[in-house]
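Please consider the structure shown below. The paragraphs that follow it lead the reader through selected parts, beginning with the surface.

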Amino acid sequence: YIEVWKKATSHSARRSFASNFLELGVPVGILRAITGHSTEKAFFAYVDIDPMDRYLDTFFDIVEANGM
């Protein structure tokens with residue numbers, strides 16, 4: 001058994017930051033600059049979010065905003 005606080009690292013906090021702020025809508029380019037990832041592929045491999053979910057959310061936001 002490992003206590004939860006022993007599993008928390010600066011790396012896990014960094015990944016959580018990037019994942020949470022991506023979910024809040026912060027642009028990928030900004031988060032890539034903060035985390036130091038040179039490509040979207042590397043960034044999306046790093047965060048705990050499926051990129052397709054993000055693109056689908058954006059698509060449905062556009063559809064809704066245009067009354068479709």
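In this predicted model, Glu 23, Asp 53, Asp 57, Asp 61 and Glu 64 together form a negative patch on the surface. Helix 5, which spans residues 51–65, is the main contributor to this patch and supplies four residues. One residue of the patch, Glu 64, is located in helix 5. Glu 64 counts as exposed because its relative accessibility is 65%, and the cut-off for an exposed residue is over 50%.

A second kind of surface patch is nonpolar. Met 52, Tyr 55, Leu 56, Phe 59 and Phe 60 make up this patch, which has an area of about 530 Å². Among them, Phe 59 belongs to helix 5. The relative accessible area of Phe 59 is 47%, so this residue is classed as partly exposed; that class lies between the limits of under 20% for buried residues and over 50% for exposed ones.

Attention now turns to helix 3. Which residues of helix 3 are buried? Within this helix, formed by residues 28–35, the buried residues are Val 28, Leu 31 and Thr 35. These residues lie on the same side of helix 3 because the arc they cover around the axis is only 65°. The other side of helix 3 presents Ala 33 and Ile 34, both of which are exposed. Directly after the end of helix 3 comes Gly 36, which adopts a positive phi of about 85°.

Note on methods:
Residues are numbered from 1 along each chain as its sequence is written. This is a predicted model: local features need pLDDT of at least 70, side-chain atom pairs count only at pLDDT 80 or more; totals for chains, interfaces and linings use all residues. Side-chain values use heavy atoms; hydrogens and water are left out. Buried means under 20% relative accessible area, exposed over 50%, partly exposed in between (1.4 Å probe, protein chains only). Helices (H or I, at least four residues) and strands (E, at least two) are DSSP runs, numbered from the N terminus. The arc is that of the directions from the helix axis to the C-beta atoms. Patches are made of residues with over 30% relative accessible area and no salt bridge: like charges are joined within 9 Å, nonpolar side chains (Val, Leu, Ile, Met, Phe, Trp, Tyr) within 5 Å. Accessible areas come from the Shrake-Rupley method with a 1.4 Å probe; for residues, only the protein chains shown count as cover. A salt bridge is a side-chain nitrogen of Lys or Arg within 4 Å of a carboxyl oxygen of Asp or Glu. Lys and Arg count as positive and Asp and Glu as negative; His and the chain ends are not counted. The place of a charge is taken as NZ of Lys, CZ of Arg, CG of Asp or CD of Glu.
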